[in-house]
Amino acid sequence: MGKTDKNFNFERRNTLKKLGLVAGAITISPLVSASVAKENTITKKRVLRVAHITDIHIRPEHNAPIRFEKCLEDIKKHNIDFFLNGGDVIYAANYKNIVRDRVNEQWDIWKDLRSKFSEYDMHCCLGNHDMWWAAPEKTDPMYGKEYVVKQLEMPATYYSFDRQGWHFIILDSMNDKTIALGEDQRKWLAEDLEKLPADSSIVIMSHCPILSASGVFKNGNHKDYEEITKIFYKHKDKKINCFSGHIHLLDAAVYNNVNYYVTGAVSGAWWEEGDEHSAQKYWYRETPPGYAIIDLFDDGTLLNTYYPHPY
Ligand SMILES: [Zn+2]
């Protein structure tokens with residue numbers, strides 16, 4: 001894997017060997033940003049280490065549960081403070097032909113796996129594949145978003161919280177029958193940012209990218225990117241970093257000094273071997289299955305490193 005990683009971080013390779021992790025960590029650096037420009041490696045202090053896992057797409061097939069568990073053991077070695085889970089936790093509940101037993105089967109596997117790292121906090125967002133829209137009635141307790149909110153122990157479909165001087169905003173990408181926040185959530189987002197003092201350090205997680213380069217592959221970016229980027233521009237006195245998944249590809253982009261990171265999928269090619277576009281077995285196109293470890297510093301900078309997993 002190492003030879004394909006142009007931004008290979010050698011310091012990390014030694015650490016990886018010590019931890020017994022696969023080599024090939026990729027440091028994801030945006031091209032320019034206020035936070036990078038202000039970087040001061042001497043005085044800044046790491047206040048949090050977070051794992052961003054996304055698109056787990058857990059399913060009974062392809063030995064996925066055991067492979068995820070192995071990946072989890074690797075993540076635990078990084079001594080993280082908590083998990084950010086970017087959604088598409090289960091393989092798929094959203095298709096028209098999905099029956100109740102199949103939905104339950106997938107959530108049961110998830111619950112069993114979650115119990116294996118219950119000592120960690122996990123903050124989740126909704127993925128497009130998580131909701132069962134084919135329930136016989138809209139009043140069915142398993143129908144739609146509320147059921148997923150319960151499964152993932154989320155306080156609401158979108159919410160925010162604070163840790164160690166960082167503000168975290170968790171968004172719901174599935175609204176208006178497309179990839180969008182919708183008017184109510186955009187208003188909430190604007191108000192949530194309004195409450196924060198200048199120079200605040202912010203991480204925003206959504207399932208789908210608000211903006212990204214790899215989003216063009218699946219037409220997977222937010223359709224309301226124009227409204228959202230306008231909201232962000234009003235808060236250009238703050239350090240905003242957006243994280244997403246959904247595309248199963250890895251990238252970083254900067255627009256108006258906001259960093260937009262897309263993290264590859266834990267499931268790679270949905271735990272399958274891949275297709276003619278896969279650069280290697282289990283990869284989705286050129287991105288290996290993996291997870292991101294994000295170090296957050298007290299000066300509002302962050303270090304985002306993508307760790308491929310070989311399972
Ligand atoms: Zn998705």
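How many helices and strands does the chain have? The chain contains seven helices and 14 strands, where helices (H or I, at least four residues) and strands (E, at least two) are DSSP runs numbered from the N terminus. The model is predicted, and local features need pLDDT of at least 70, side-chain atom pairs count only at pLDDT 80 or more, and totals for chains, interfaces and linings use all residues. Residues are numbered from 1 along each chain as its sequence is written, and side-chain values use heavy atoms, with hydrogens and water left out.

Of the 311 residues of the chain, 57% count as buried; buried means under 20% relative accessible area, exposed over 50%, and partly exposed in between (1.4 Å probe, protein chains only). Among contacts (heavy atoms within 4.5 Å) with a separation of 6 or more, 70% are accounted for by residues 24 or more positions apart.

One open sheet consists of six strands in the order E1-E14-E13-E2-E3-E4, with mixed pairing; two strands pair if DSSP finds at least two bridges between them. Strand E1 (26-27) and strand E4 (121-124) are at the edges and each has a single partner strand, so one side of each lacks a neighbour in the sheet. E1 is joined to strand E14 (residues 302-308) by two bridges, and these strands run antiparallel. Thr27 has Thr305 of E14 as its bridge partner. Helix H3 (residues 64-76) packs on this sheet, where it touches strand E2 (46-53), strand E3 (82-85) and strand E13 (290-297). The direction of H3 makes about 20° with that of E13; axes are lines fitted to C-alpha atoms, for helices over the stretch in contact, and angles run from 0 to 180 degrees between N-to-C directions.

A further open sheet of six strands has the order E5-E6-E9-E10-E12-E11, again with mixed pairing. Its edges are formed by strand E5 (159-163) and strand E11 (251-255), each of which has a single partner strand, so one side of each is left without a neighbour in the sheet. On average, neighbouring strands of this sheet are turned by 20° against each other, direction ignored. E5 and E6 run antiparallel and are joined by five bridges, with Arg163 opposite Trp166 in E6. Two residues lie between the strands in the hairpin of E5 and E6, where Gln164 takes a positive phi near 50°. Five bridges also connect strand E6 (residues 166-170) with strand E9 (residues 201-205), and this pair runs parallel. Trp166 has Ser201 of E9 as its bridge partner.

Helix H6 packs on the sheet and touches E5, E6 and E9, its direction making about 175° with that of E6. Helix H7 also packs on the sheet, touching E9, strand E10 (239-244), E11 and strand E12 (258-262). The direction of H7 makes about 135° with that of E12.

The axes of H6 (residues 182-194) and H7 (residues 225-234) come within 10 Å and cross at roughly 15°. H6 is therefore roughly parallel to H7 (angles under 35 degrees count as roughly parallel, over 145 as roughly antiparallel, 65 to 115 as roughly perpendicular and the rest as oblique). Arg186, Leu189, Ala190 and Leu193 of H6 make the contact with Glu227, Ile228, Ile231 and Phe232 of H7.

His235 is located in the loop between H7 and E10. Its relative accessibility is 3%, so His235 counts as buried. Not counting residues up to four places away in sequence, His235 touches Ala190, Leu193, Glu194 and Ile240.
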